[in-house]
Amino acid sequence: METIVQSQKTLFLSGKTLSYEFRIRQLQKLKQLIINYQDEILEALFKDLHKSRFEAYSTEVGYVLKSLTHTIKGLKKWMKPKKVKTPYYLSATSSYITYDALGTILIIGPYNYPFQLIIEPLIGAIAAGNTVMIKPSEFATYTEKILVKLVNNHFDKDYLYVIEGDYTVTSKLLDSKFDHIFFTGSSRVGQIVYEKASKHLTPVTLELGGKSPTIVDETANLKIAAERILFGKFLNAGQTCIAPDYIYVHDTIHDEFINILNQVINTRYSDMNYFGRIINERHYKRLIGLIDETKMIQKPTVEAETKLISPTVLIDVTWDDKVMQEEIFGPILPVLKYANLKDLVSLLKTKDKPLALYLFSNDKKNQTYVFENLTFGGGAINDTIMHVSNPYLPFGGIGMSGIGAYHGFYSFKLFSHTKGYVKKATWFDLPIIYPPYTKFKEKLIRKIFK
Ligand code: NAD
């Protein structure tokens with residue numbers, strides 16, 4: 001494995017991956033390969049997580065195809081050096097920003113969107129001119145195999161290479177010196193990655209998770225709120241990093257909202273053929289352990305053999321409940337009550353900064369209050385999870401939910417070094433900066449720098 005990392009470094013140093021033509025060709029090739037392999041990818045996602053074709057296409061295959069189209073279209077402009085303003089005291093000077101490729105990148109992926117969360121950062125890394133080592137999640141085994149086939153059979157291993165294996169492989173990989181590590185996964189493993197990266201002072205992007213709150217205030221359109229919250233929560237059986245983890249509902253509309261949630265569950269989630277399954281037995285058992293049977297609004301269907309847990313809503317939940325002690329990452333939705341928005345915001349401020357936050361409200365003052373007073377990775381007003389699909393928005397967490405942001409141009413920028421430089425004319429020189437320093441020179445510099 002170390003040999004491949006070294007040969008990727010050698011290829012990078014040769015400069016072959018840097019030209020616009022090379023990058024575009026690789027992006028186009030990747031796009032065509034995904035189109036060619038799409039049926040196999042959809043099948044792998046079904047086998048790993050029981051994703052329906054609609055879900056697997058919209059959140060994984062189609063999602064990255066759209067991202068490739070966006071990147072291919074934008075790359076020429078993104079790569080162009082940008083001229084920026086120059087202050088008057090830098091006389092006869094012009095200033096520029098260029099984006100330099102970083103070198104050899106390591107991308108580590110999670111199991112929940114096992115295709116998208118490898119390919120999406122990969123698009124940025126290729127666009128920025130790097131060579132890339134890829135370590136998919138070992139838990140989504142079928143998708144891992146298809147990634148190996150798609151990448152290793154069609155790209156030179158000195159350029160892109162997928163390495164299979166469990167966490168010991170990742171751990172060994174992390175001993176090598178990379179130019180950047182892009183990790184998506186849990187905060188627990190994120191800390192391990194960060195610590196290992198620090199040995200080489202390697203910069204990291206950490207796309208982590210956590211408990212993302214949703215607030216439904218007394219002015220919200222309750223039917224729309226129920227539809228959109230349940231959609232965001234139960235997509236991929238709740239195994240989505242930006243899924244609403246729990247909901248706070250204003251006490252005056254609480255009972256009505258619970259009734260609506262119940263109705264929507266009955267209409268939209270009666271057929272479990274279109275519903276995801278939990279990735280493995282460990283997580284299935286963990287989730288079952290979070291369900292307090294005395295708090296369910298309806299009894300879920302659970303099936304250990306297929307790892308099915310149908311949509312489960314828990315009411316009268318408090319922060320003492322087990323379900324509130326960790327990121328749920330499954331189809332269990334706890335509902336809590338609140339009476340005063342300011343008090344709720346004060347409470348949420350005491351929690352870790354979440355990856356996402358959603359507010360359902362038709363009151364502009366409440367919208368502004370929540371979005372100005374709380375810090376979180378990203379979010380939505382009157383919707384859930386959709387911000388992730390806009391390539392013009394940076395996507396990433398803050399604090400325990402992550403470091404750095406990507407998507408679209410932000411991915412290109414993330415995998416580049418933003419280099420600033422000035423270009424100065426030689427026909428003009430301002431000798432005041434050179435010693436000896438007189439009183440007059442000091443007076444002058446004080447006039448300029450203030
Ligand atoms: P995980 O942290 O268990 O695993 C992620 C990757 O780390 C896997 O490839 C795994 O092989 C590797 N790994 C595991 N243990 C390791 C160790 N000790 N040393 C080195 N590598 C190790 O995460 P997961 O269970 O696959 O995914 C779920 C988590 O990911 C959730 O917390 C979720 O919120 C988060 N997530 C975040 C985003 C985001 O974009 N922010 C997206 C998806 C998932």
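**Helix packing, domains and backbone exceptions**

In this predicted model, the axes of helix α8 (residues 222–234) and helix α9 (residues 254–268) approach to within 9 Å and cross at roughly 55°. The two helices α8 and α9 are therefore oblique to each other, since an angle of that kind falls outside the ranges counted as roughly parallel (under 35 degrees) and roughly perpendicular (65 to 115). The points below take up this helix pair, a second one, the division into domains, and two places where the backbone is unusual.

**The α8–α9 pair**
- The crossing in which α8 passes α9 is right-handed.
- On the α8 side the contact is made by Leu-222, Lys-223, Ala-225, Ala-226, Glu-227, Ile-229 and Leu-230, while α9 contributes Glu-256, Phe-257, Ile-260, Leu-261, Val-264, Ile-265 and Arg-268.
- Sorted by class, the residues in the contact of α8 with α9 comprise 10 nonpolar and 4 charged residues, with no polar ones.

**The α2–α4 pair**
- Helix α2 (residues 20–49) and helix α4 (residues 116–127) have axes that come within 9 Å of each other and cross at roughly 155°.
- Because angles over 145 degrees count as roughly antiparallel, α2 is described as roughly antiparallel to α4.
- Arg-23, Gln-26, Leu-27, Leu-30 and Ile-34 of α2 make this contact with Ile-119, Leu-122, Ile-123, Ile-126 and Ala-127 of α4.
- By class, the contact of α2 with α4 consists of 8 nonpolar residues, 1 polar residue and 1 charged residue.

**Domains and annotation**
- The protein is divided into domain 1, which is assembled from residues 2–208 + 398–419, and domain 2, which covers residues 213–396.
- The centres of domain 1 and domain 2, taken over C-alpha atoms, are separated by 30 Å, and the contact between them takes 26 residues from domain 1 and 30 residues from domain 2.
- An unreviewed UniProt entry places the feature "domain: Aldehyde dehydrogenase" at residues 11–419.
- Over residues 11–419 the chain is 41% helix and 18% strand, with the end C-alpha atoms 22 Å apart.

**Backbone exceptions**
- Most residues other than glycine have a negative phi, and most peptide bonds are trans.
- Pro-435 and Pro-436 are nevertheless joined by a cis peptide bond, with omega at about 0°, and Pro-436 is found in the loop between β17 (416–424) and α14 (439–448).
- Lys-307, a residue other than glycine, has a positive phi near 60°, and Lys-307 lies in the loop that connects β10 (302–303) with β11 (308–309).

Technical notes
Residues numbered from 1 in each chain as written. Predicted model: local features only at pLDDT ≥ 70, side-chain atom pairs only at ≥ 80, totals over all residues. Heavy atoms only, no water. Axes fitted to C-alpha atoms, helices over the stretch in contact; angles between N-to-C directions. Helix = DSSP H or I, 4+ residues; strand = E, 2+ residues; numbered from the N terminus. Left-handed = near helix turned anticlockwise from the far one by under 90°. Contact = heavy atoms within 4.5 Å. Nonpolar A, V, L, I, M, F, W, Y, C, P; charged D, E, K, R; others polar. UniProt positions renumbered as here; feature names shortened; annotations may be inferred. Domains from an automatic or database assignment.
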